[in-house]
Amino acid sequence: MIPSESTLGPTLALEVGPLRVWSPIVLAPMAGVTDVPFRRLCRQMGEEGLPDWLNPSSSNAQVTPEKGVDALAGLYVCEMVTSRALVEGNVRTLEMVRPDPAERVRSIQLYGVDPATMAQATSILIDRDLVDHIDLNFGCPVPKVTKKGGGAALPWKRDLFDDLVHAVVGAADRAGAAAGRDIPVTVKMRVGIDDDHITFLDAAKVAENRGVAAVALHARTQTQHYAGHADWTQIKRLKDAMRIPVFGNGDIFSGADAQRMMDETGCDAVVVGRGCQGRPWLFTDLTSTLMGGPAFSDPSLSDIADIIEKHAAWVIEDQGDELRALREMRKHVGWYLRGFAIGGPTRHALSMVSTLEELHDLLHMLDLDQEYPQAALGARGRAGGEKTPRLPDGWLDSPYLSDAERQTLHLAESDVSGG
């Protein structure tokens with residue numbers, strides 16, 4: 001049972017199945033980004049924004065977190081993995097689902113188009129004790145996914161969407177019962193394919209009726225990709241229609257944005273993706289703003305240099321290969337240093353860094369007294385423009401699968417990145 005405000009002070013805790021999510025914040029899964037080191041960094045920084053009564057490092061903490069049940073500073077979801085790769089024992093996929101031992105709640109996003117394979121992958125995750133929460137991806141707008149009927153294109157096919165959700169929830173119930181655990185399933189989706197093919201309300205109702213614990217809505221269509229502004233009024237429409245928790249996603253770049261989304265839509269939690277790229281301390285701002293924690297301010301370049309080195313060291317430890325780890329860090333370094341006065345040659349050298357020692361030396365050549373620049377605030381990630389939906393031939397002819405479409409669906413997983 002969640003303690004009341006009268007005993008602990010203000011709280012926005014919510015229940016997602018058996019999970020107690022004390023801070024209404026979710027790190028969205030992002031391919032090539034939300035690996036173990038980045039999730040750990042975001043989670044730790046999120047906990048720095050918690051009020052004393054909830055912060056596990058405070059002597060005044062009044063909550064004792066229970067592993068596998070309590071997500072103190074929100075849910076931090078592993079990058080998407082494909083069900084077929086998991087079932088086939090793909091080595092890279094098995095590496096990706098390796099949990100961080102420090103995670104209290106292990107969340108994984110699963111992608112697939114075949115109900116039987118999705119059910120089998122769900123059972124594997126639970127049987128091997130790799131997960132406490134499974135999220136289903138029906139929001140990916142990437143053309144190589146949607147052109148084969150997956151991701152954001154899939155909810156248009158009502159029968160397939162229903163079959164997939166039913167299969168996963170059923171498998172989670174069976175495998176969870178055998179393991180003596182309750183594993184909630186959530187669904188993430190977009191508004192629809194385009195303005196003429198809106199799917200979110202019908203799909204969310206199907207998901208709710210099949211027993212999912214919560215639904216997340218990225219308030220853009222597939223056509224919008226990441227262009228323009230998310231239409232938060234659609235999140236409000238969904239919240240008004242649902243009995244289960246609704247998570248809002250789209251254009252959260254500060255704690256103030258999150259507060260405004262929750263105020264305007266009534267959503268139960270916010271989902272953050274691009275906004276934290278190169279800015280994991282966004283979670284400090286989010287938890288501080290939403291939970292009444294300590295005052296937040298963006299870090300100086302000196303502080304950021306320390307965060308970069310910590311992040312890099314964790315990636316090396318996680319991957320066991322310094323060169324591979326530093327190659328992985330290069331994009332993060334570019335995101336971290338956005339807006340700072342660095343200088344072209346030094347910025348280029350940092351984009352080619354290959355050892356931790358080299359990274360340290362280059363960072364300490366910078367003017368580390370710089371305060372956080374205004375140019376680094378606000379929207380992040382590539383927005384681009386709207387994109388013509390890439391779909392299988394004849395996909396929009398009917399909201400139900402044809403025999404031919406059903407026979408070729410397996411191709412939708414053949415080259416999906418992220419496992």
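Buried here means under 20% relative accessible area. Keep that cut-off in mind for the first stop. The model on screen is predicted.

**Stop 1: helix 11**

Select residues 282–291, which form helix 11. Colour them by accessibility. Of the 10 residues, 9 are buried, so the rest of the structure largely encloses this helix. The buried set is Leu-282, Phe-283, Thr-284, Asp-285, Leu-286, Thr-287, Ser-288, Leu-290 and Met-291.

What do these buried residues pack against? Show two helices: helix 2 (36–48) and helix 10 (255–265). Then add three strands: strand 3 (25–27), strand 5 (75–82) and strand 13 (269–272). Step past the end of helix 11 and you reach Gly-292. The phi of Gly-292 is positive, near 70°.

**Stop 2: Ala-121**

Go to helix 5, residues 115–127, and pick Ala-121. Is Ala-121 buried or exposed? Its relative accessibility is 0%, so Ala-121 counts as buried. Now display its contacts, skipping neighbours within four places in sequence. Ser-83, Leu-86, Val-87 and Leu-110 should appear. Next, draw a distance from Ala-121 to Ala-172. Their C-alpha atoms are separated by 9.9 Å, with the two positions 51 residues apart along the chain.

**Stop 3: salt bridges**

The structure holds 26 salt bridges. Visit three of them.

Start with Arg-39 and Glu-103. Their closest N and O atoms are 2.9 Å apart. Arg-39 sits in helix 2, and Glu-103 sits in the loop between helix 4 (91–96) and strand 6 (107–111), so the pair ties together parts 64 residues apart in sequence. Arg-39 is buried, with a relative accessible area of 2%. Glu-103 is buried too, at 2% relative accessibility. Widen the selection to Arg-40, Arg-43 and Asp-100. Together with Arg-39 and Glu-103, these residues are linked in a network of salt bridges.

Move to Glu-66 and Arg-20. Here the closest N and O atoms are 3.6 Å apart. Glu-66 lies in the loop between helix 2 and strand 4 (70–71), while Arg-20 belongs to strand 2 (residues 19–21), so this salt bridge ties together parts that are 46 residues apart in sequence. Colour the two ends by accessibility. Glu-66 is partly exposed, with a relative accessible area of 44%. Arg-20 has a relative accessible area of 19%, which makes it buried.

Finish with Asp-240 and Lys-236. The closest N and O atoms of this salt bridge are 3.0 Å apart. Both residues are in helix 9 (residues 232–241), 4 residues apart, so about one helical turn separates them. An α-helix has 3.6 residues a turn, so residues three or four places apart point the same way. Asp-240 counts as exposed, at 55% relative accessibility. Lys-236 counts as partly exposed, at 37%.

**Stop 4: the largest pocket**

Turn on a pocket surface. The largest pocket holds about 1,100 Å³ of space. Its lining has 42 residues. Which of them lie nearest its centre? Select Met-30, Ala-31, Tyr-226, Arg-274 and Gln-277. For secondary structure, show helix 6 (143–146), strand 8 (185–190) and strand 13, the elements that give two or more residues to this lining. Strand 8 gives the most, with 3 residues. Colour the lining by residue class: 19 are nonpolar, 13 polar and 10 charged.

**Stop 5: the second largest pocket**

The second largest pocket has a volume of about 250 Å³. It is lined by 14 residues. Centre the view on Asp-35, Arg-92, Asp-318, Gln-319 and Arg-324, which lie nearest its centre. The elements giving two or more residues to this lining are helix 2, helix 4, helix 12 (301–319) and helix 13 (322–336). Helix 4 gives the most, with 3 residues.

How do the lining residues divide into nonpolar, polar and charged? There are 3 nonpolar, 2 polar and 9 charged. Now colour by domain. Domain 1 (12–296) and domain 2 (299–370) each supply at least three residues to the lining of this pocket.

Notes. Residues are numbered from 1 along each chain as its sequence is written. This is a predicted model: local features need pLDDT of at least 70, side-chain atom pairs count only at pLDDT 80 or more; totals for chains, interfaces and linings use all residues. Side-chain values use heavy atoms; hydrogens and water are left out. Buried means under 20% relative accessible area, exposed over 50%, partly exposed in between (1.4 Å probe, protein chains only). Contact means heavy atoms within 4.5 Å. A salt bridge is a side-chain nitrogen of Lys or Arg within 4 Å of a carboxyl oxygen of Asp or Glu. On a 1 Å grid over the protein atoms alone, a cavity is a set of points where a 1.4 Å probe fits but cannot get out, and a pocket is an open set with protein on both sides within 12 Å along at least five of seven lines; lining residues have an atom within 4 Å of a point. Grid points are joined across faces, edges and corners, and a volume is the space filled by probe spheres set on the points. Ala, Val, Leu, Ile, Met, Phe, Trp, Tyr, Cys and Pro count as nonpolar, Asp, Glu, Lys and Arg as charged, and the others, Gly among them, as polar. Domain bounds come from an automatic or database domain assignment.
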